[in-house]
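Colleague: I am new to this model. Please take a close look at one place where its parts meet, and carry on from there.

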Protein chains: 2
Amino acid sequence: MTPETKERILDAAERLFSEAGLRTTSLRDITSEARVNLAAVNYHFGSKEALLTAVLERAFNPVNKKRITGLDELESQAGESGPPVEDILLAFVGPPFDAWGESGDRGLRFLKLLGQIHTEANEDVQAVLLGQFKPVLERYTKALVRALPALEPLEVSRRMLFAVGALAQTMLSANRFPQGLAINDLDQTRESLVRFLAVGFSAEPPNVRAAGGGGS
Amino acid sequence: MTPETKERILDAAERLFSEAGLRTTSLRDITSEARVNLAAVNYHFGSKEALLTAVLERAFNPVNKKRITGLDELESQAGESGPPVEDILLAFVGPPFDAWGESGDRGLRFLKLLGQIHTEANEDVQAVLLGQFKPVLERYTKALVRALPALEPLEVSRRMLFAVGALAQTMLSANRFPQGLAINDLDQTRESLVRFLAVGFSAEPPNVRAAGGGGS
DNA sequence: GTCTATATGCGGATAGAC
DNA sequence: GTCTATCCGCATATAGAC
């Protein structure tokens, strides 16, 4: 009947970490919320940090997987030239937005957790997240390089950085301003973001130093 | 000869906070680095958090002041229609980049401190920062609304969020990848960012729901 | 695997002498 | 204003019985 102790701990930790914060939440809080023994955490996970990374992996893997499969599909459908910029960006931005919009508390928890990591996690924890995120970033950068042959790859990487930042900021604001704010029109916000990014990516490079045509 | 105790504490705290992190750095670390007595912090600042906010204000006020005066100048020079989008964005983005490029450790410390706040500060501390930043944000949003009459103010606010995110991400990455990376070409990065944002801001709104003219 | 009890350490803050 | 000594709380982690 009762779920495995390990699951209970993960659930409770996810809830508390996202609500009360990472540092603020003690093992005692978690084990009492999960109604398991204090020592169970160290028995099953080894340490508080190991528990945290387990929570994070469980929470963020789905999003990153969807980003990968989404891009897979786009590329299999597209012709030789690869999918267009706007589609790529939508595939990148979509999954976190979907998670955000999920039913019940799940969506909000996802956002809050993201915010907590961003604002409280130490380097090791962030490294875990980066480990998940890096392959995604690389695949998308590659796709965008192909879609934007006029840009140097370096410039594409820079713009990808801008895009990631814009997305992150949007997510974080969502969690800070609970409701009534502009950002809470999900569809509108996602549309605006994708448009903004697509146009930015398609901009001419600042100074023409690369191949081909005329200088200024 | 020796600087005032209070200054010594501020300097030491700034250094340690930016290097070792906010939570990791204890009062004992700070006072020993500053070679003052442990009790001096509480005597001069009242608490560790109060010390932290003092450090932050000292570090970030200059940047925000420059942003305001920069916009003042632009507006006094411009005509009735106000300054153009690209100039506004440059005035917004420039000061943190300048701080970044400052001689010696100062620039790097600024970045690292920014990163630490972003990743470690609690809500109260972030509120302090927001208090400084909010007026800046509002002034710039207003200027952009004027420069972009085709957009609803709400859409401008959204895009401003994207811009802030892109800038923040750039700053944070700078601090994570010490050197050898794309982002370290300061001028190039700033130029790319401004271009990216300017084009994004000037994009047509996703769907035309506002006043006046033609349909789709 | 689950529990109780406890070791161990750190860190912020303060009392009170000088 | 500056110092020493200390209080106090809390958190992680573990030892060892069941």
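Modeller: Helix 8 of chain A and helix 9 of chain B cross in a right-handed way (the near helix is turned clockwise from the far one by less than a right angle; anticlockwise would be left-handed). This is a predicted model, where local features need pLDDT of at least 70, side-chain atom pairs need pLDDT 80 or more, and totals for chains, interfaces and linings use all residues. Residues are numbered from 1 along each chain as written, chains are lettered from A and ligands numbered from 1 in written order, and side-chain values use heavy atoms, without hydrogens or water.

Helix 8 of chain A spans residues 153–176, and helix 9 of chain B spans 186–202 (helices are DSSP runs of H or I, at least four residues, numbered from the N terminus). Their axes lie 10 Å apart, at an angle of about 60 degrees (axes are lines fitted to C-alpha atoms over the stretch in contact; angles run from 0 to 180 degrees between N-to-C directions). That angle makes the pair oblique (not under 35, over 145, or 65 to 115 degrees).

Helix 8 of chain A brings Glu155(A), Arg158(A), Arg159(A) and Phe162(A). They meet Gln188(B), Thr189(B), Ser192(B), Leu193(B) and Phe196(B) of helix 9 of chain B (contact means heavy atoms within 4.5 Å). By class, this contact has three nonpolar, three polar and three charged residues (Ala, Val, Leu, Ile, Met, Phe, Trp, Tyr, Cys and Pro are nonpolar; Asp, Glu, Lys and Arg charged; the others, Gly among them, polar).

Elsewhere, both chains also reach DNA strand D. Lys48(A), Asn37(B) and His44(B) are among the residues that come nearest to DNA strand D.

Key
A residue is near a molecule or strand if one of its heavy atoms lies within 4 Å of it. Helices (H or I, at least four residues) and strands (E, at least two) are DSSP runs, numbered from the N terminus.
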